[in-house]
Amino acid sequence: MPISIKFLPENRLVDASQDESILEAALRVGLEISHSCGGNGTCGTCRVWVREGLGAMPARNEVEQEMADERGFKPQERLCCQNLPIPGLVLEIPLNNFEE
């Protein structure tokens with residue numbers, strides 16, 4: 001059963017499968033999310049802001065935590081390539097990688 005994720009600022013709903021990353025789901029439907037490392041979690045360019053659903057997300061994995069520590073991410077900043085879809089997520093794609 002698909003899991004719907006809402007992406008801002010486009011206000012677009014994306015149906016994702018449970019076995020694809022959030023990044024894979026977004027790219028599959030043509031959303032523009034930077035991903036210069038190919039989804040390996042080493043560039044940090046697929047960073048999004050979790051506007052709803054942060055409490056339901058799992059803790060960061062080792063790859064994402066290393067990036068978060070290195071870049072000083074706030075708790076709501078997550079990498080699309082390192083997370084699977086969960087119900088109720090609302091994510092905001094920053095206009096650039098330095099947006100707060």
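This report describes the fold, the strand pairing and selected residues of a predicted protein model.

**Overall architecture**

The protein chain contains two helices and five strands. Read from the N terminus, these elements follow the order β-β-α-β-α-β-β. For a chain of 100 residues, a compact globule would be expected to have a radius of gyration near 13 Å, and the protein chain, with 12 Å, agrees with that expectation. Along the principal axes, the C-alpha atoms occupy a box of roughly 35 × 25 × 25 Å.

Burial accounts for 43% of the 100 residues. The protein chain exposes about 5600 Å², and 50% of this area is supplied by carbon and sulfur atoms. Of the contacts between residues at least 6 apart in sequence, 60% link residues that are at least 24 apart. As for charge, the protein chain carries 9 positive and 16 negative charges, and the mean positions of the two sets lie 4 Å apart.

**Strand β1 and its partners**

Strand β1 covers residues 3-8, and its side chains alternate between two faces. I3, I5 and F7 point to one face and are buried, whereas S4, K6 and L8 point to the other face and are not buried.

Strand β1 pairs with β2 and with β5. The pairing with β2 is antiparallel and comprises five bridges; within it, I5 has V14 as its bridge partner. The pairing with β5, which spans residues 90-92, is parallel and comprises three bridges. In that pairing, K6 stands opposite V90. Two residues of β1 thus illustrate both features of the strand: I5 is on the buried face and is bridged to V14 in β2, while K6 is on the face that is not buried and lies opposite V90 in β5.

**The β1-β2 hairpin**

β1 and β2 form a hairpin, with three residues between the two strands. Two backbone features mark this region. The peptide bond that joins L8 and P9 is cis, with omega at about 5 degrees; L8 belongs to β1, and P9 is placed in the loop between β1 and β2. N11 is found in the same loop between β1 and β2. Its phi is near 60 degrees, a positive value in a residue other than glycine. N11 is partly exposed, because its relative accessible area of 48% falls between the limits of 20% and 50%.

**The loop between β2 and α1**

Strand β2 spans residues 12-16 and helix α1 spans residues 22-28, and S21 is located in the loop between them. Q18 is found in this loop between β2 and α1 as well. What is the exposure of Q18 and of S21? Q18 counts as exposed, with a relative accessibility of 55%, whereas S21 counts as buried, with 10%.

With neighbours within four places in sequence set aside, S21 is in contact with C80, C81, N83 and L84. On the same basis, Q18 is in contact with M1, I3, L84 and P85. L84 therefore appears in both sets, under a contact criterion of heavy atoms within 4.5 Å. One of the partners of Q18, M1, is 17 residues away along the chain, and the C-alpha atoms of the two are separated by 8.0 Å. Another partner of Q18 is I3, whose side chain lies on the buried face of β1.

**Strand β3**

W49 is found in strand β3, which covers residues 47-52. This residue is buried, with a relative accessible area of 1%. W49 and P2 are 47 residues apart along the chain, and their C-alpha atoms are separated by 22 Å.

**Accessibility of selected residues**

The table collects the residues for which a relative accessible area is given above.

| Residue | Relative accessible area | Class |
|---|---|---|
| S21 | 10% | buried |
| Q18 | 55% | exposed |
| N11 | 48% | partly exposed |
| W49 | 1% | buried |

Definitions and conventions: Residues are numbered from 1 along each chain as its sequence is written. This is a predicted model: local features need pLDDT of at least 70, side-chain atom pairs count only at pLDDT 80 or more; totals for chains, interfaces and linings use all residues. Side-chain values use heavy atoms; hydrogens and water are left out. Helices (H or I, at least four residues) and strands (E, at least two) are DSSP runs, numbered from the N terminus. The radius of gyration is taken over C-alpha atoms; the globule rule is 2.2 Å times the number of residues to the power 0.38. Buried means under 20% relative accessible area, exposed over 50%, partly exposed in between (1.4 Å probe, protein chains only). Accessible areas come from the Shrake-Rupley method with a 1.4 Å probe; for residues, only the protein chains shown count as cover. Lys and Arg count as positive and Asp and Glu as negative; His and the chain ends are not counted. The place of a charge is taken as NZ of Lys, CZ of Arg, CG of Asp or CD of Glu. Two strands pair if DSSP finds at least two bridges between them.
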